[in-house]
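Here is a friendly walk through one protein chain, written for someone who likes to keep a finger on the residues while reading. Please have the viewer open beside the text.

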Amino acid sequence: MIHSAVRKKDEKGKYVDLEFKFGVEDLRRVLELGDSDNDPTIIPERLAKGMWCRMGFTGHINGRMLKTNFSSAYRFMMHYVVHSLSHRKGAYDETSDYIMNIVTSLVLNRPYNVSQKIFEYMKENIKVGSEKYIMYPRFIMMMINDQFKDIPKDRNDIMDPRNMTTDTITRVTKGDDARVKGMICKISRPAYVAPGNDRWRHEKSDSDNEDERMSLLVEKKTRWWFVRDGKRKRTPKTSPAVSILKIVVKCIVQGGVIT
């Protein structure tokens with residue numbers, strides 16, 4: 001559970017602090033991500049990278065996983081997954097392990113606990129004592145709006161969605177395709193059923209084979225891939241409470257914006 005306070009004006013125009021707290025289940029409900037506590041937060045690195053090779057990844061299997069190593073259609077999809085769900089402040093060209101897991105799960109139609117991942121990075125940002133940067137500010141604003149219905153909003157502070165244009169797509173997918181790869185699995189067939197046994201293709205699949213490239217894989221022991229003692233890490237049912245300190249303790253909501 002994350003504990004904080006929202007400061008707003010009362011009927012007399014004086015600032016008052018209101019308790020603001022939320023957990024994974026609140027985040028899941030408000031963001032409507034459709035996952036559950038029973039969904040995994042870890043998938044095997046071999047599955048993720050095997051799937052990425054099948055998606056047309058042209059880089060080295062043990063190297064950096066860059067968006068530019070995919071054809072434009074997949075590059076476009078990864079761009080928005082990274083920008084909307086990544087906890088980074090920059091370096092958006094490279095995908096981290098959990099982003100690889102999310103993309104793999106989306107394409108293969110596998111369950112993945114995105115809500116837990118977002119919540120974990122929110123807590124970590126608090127623990128490091130960040131005073132100037134709130135992780136996932138739009139998600140935090142959605143959580144505040146869910147709990148406090150009467151907070152006034154300034155129309156000038158609202159960012160409207162922008163329609164996608166040819167120029168936008170060209171900017172996101174810039175660069176020549178070393179290899180054009182069509183959309184596969186759930187992306188092309190909504191009713192697609194994922195293979196079992198942590199495989200990234202069905203036995204009778206007639207698409208390209210990745211065995212040669214995967215034979216070079218050296219698996220890493222990272223947070224979202226590593227399985228200790230041969231056992232899959234399970235998603236915690238509850239997360240320990242965290243209090244937001246310093247500036248974040250008293251998030252002043254003025255005009256619908258966290259300051």
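## An aspartate and two backbone nitrogens

A polar atom in the side chain of D35 lies 2.9 Å from the backbone nitrogen of V114. The same side chain has a polar atom 2.8 Å from the backbone nitrogen of S115. Polar contacts here are pairs of N or O atoms within 3.5 Å; within protein, one must be able to donate a hydrogen and the other to accept it, and residues adjacent in sequence count only if both atoms are side-chain atoms.

Where does D35 sit? Its place is the loop between α1 and α2. D35 has a relative accessibility of 10%, so it counts as buried. For this and later labels, buried means under 20% relative accessible area, exposed means over 50%, and partly exposed is in between, with a 1.4 Å probe and protein chains only.

## What kind of model this is

This is a predicted model, in which local features need pLDDT of at least 70 and side-chain atom pairs count only at pLDDT 80 or more, while totals for chains, interfaces and linings use all residues. Residues are numbered from 1 along each chain as its sequence is written, and side-chain values use heavy atoms, with hydrogens and water left out.

## The overall layout

The chain has nine helices and five strands. Following the sequence, you meet them in the pattern β-β-α-α-α-α-α-α-α-α-α-β-β-β. Helices (H or I, at least four residues) and strands (E, at least two) are DSSP runs, numbered from the N terminus. Of the chain's 259 residues, 42% count as buried.

## The second largest pocket

D35 turns up again in the lining of the second largest pocket, together with L33, G34, D39, L85, I102, S105, L106, R110, P111, Y112 and V114. A pocket is found on a 1 Å grid over the protein atoms alone, as an open set of points where a 1.4 Å probe fits, with protein on both sides within 12 Å along at least five of seven lines; lining residues have an atom within 4 Å of a point. The space in this second largest pocket comes to about 220 Å³, where grid points are joined across faces, edges and corners and the volume is the space filled by probe spheres set on the points.

Which helix gives the most to this lining? The answer is α4, with three residues. By character, the lining divides into seven nonpolar, two polar and three charged residues. Ala, Val, Leu, Ile, Met, Phe, Trp, Tyr, Cys and Pro count as nonpolar, Asp, Glu, Lys and Arg as charged, and the others, Gly among them, as polar.

## Salt bridges

There are 13 salt bridges in the structure, each being a side-chain nitrogen of Lys or Arg within 4 Å of a carboxyl oxygen of Asp or Glu. One of them joins the side chains of D146 and R29, at 2.9 Å from N to O. Because D146 lies in helix α6 (residues 137-147) and R29 in helix α1 (residues 24-31), the pair ties together parts that are 117 residues apart in sequence. R29 is partly exposed, at 46% relative accessibility. Both residues also belong to a network of salt bridges that links D26, R29, D146 and K149.

E45 and K49 form another salt bridge, again 2.9 Å from N to O. These two are four residues apart in helix α2 (residues 45-54), so about one helical turn separates them. E45 and K49 are both buried.

In a further salt bridge, E94 and R64 have their closest N and O atoms 3.3 Å apart. This pair links distant parts of the chain, 30 residues apart: E94 is in the loop between α3 (72-85) and α4 (97-108), and R64 is in the loop between α2 and α3. E94 is partly exposed at 24%, whereas R64 is exposed at 53%.

## Cysteines and backbone angles

How many disulfides does a search of the whole structure find? It finds zero, a disulfide being a pair of cysteine sulfur atoms within 2.5 Å. C53 is buried, with a relative accessible area of 4%, and C185 is buried at 0%.

C185 lies in helix α8 (residues 185-188), and its phi is near 55°, a positive value in a residue other than glycine. N197 also has a positive phi, near 60°. N197 is in the loop between α8 and α9 (211-214), and it is exposed at 78% relative accessibility.
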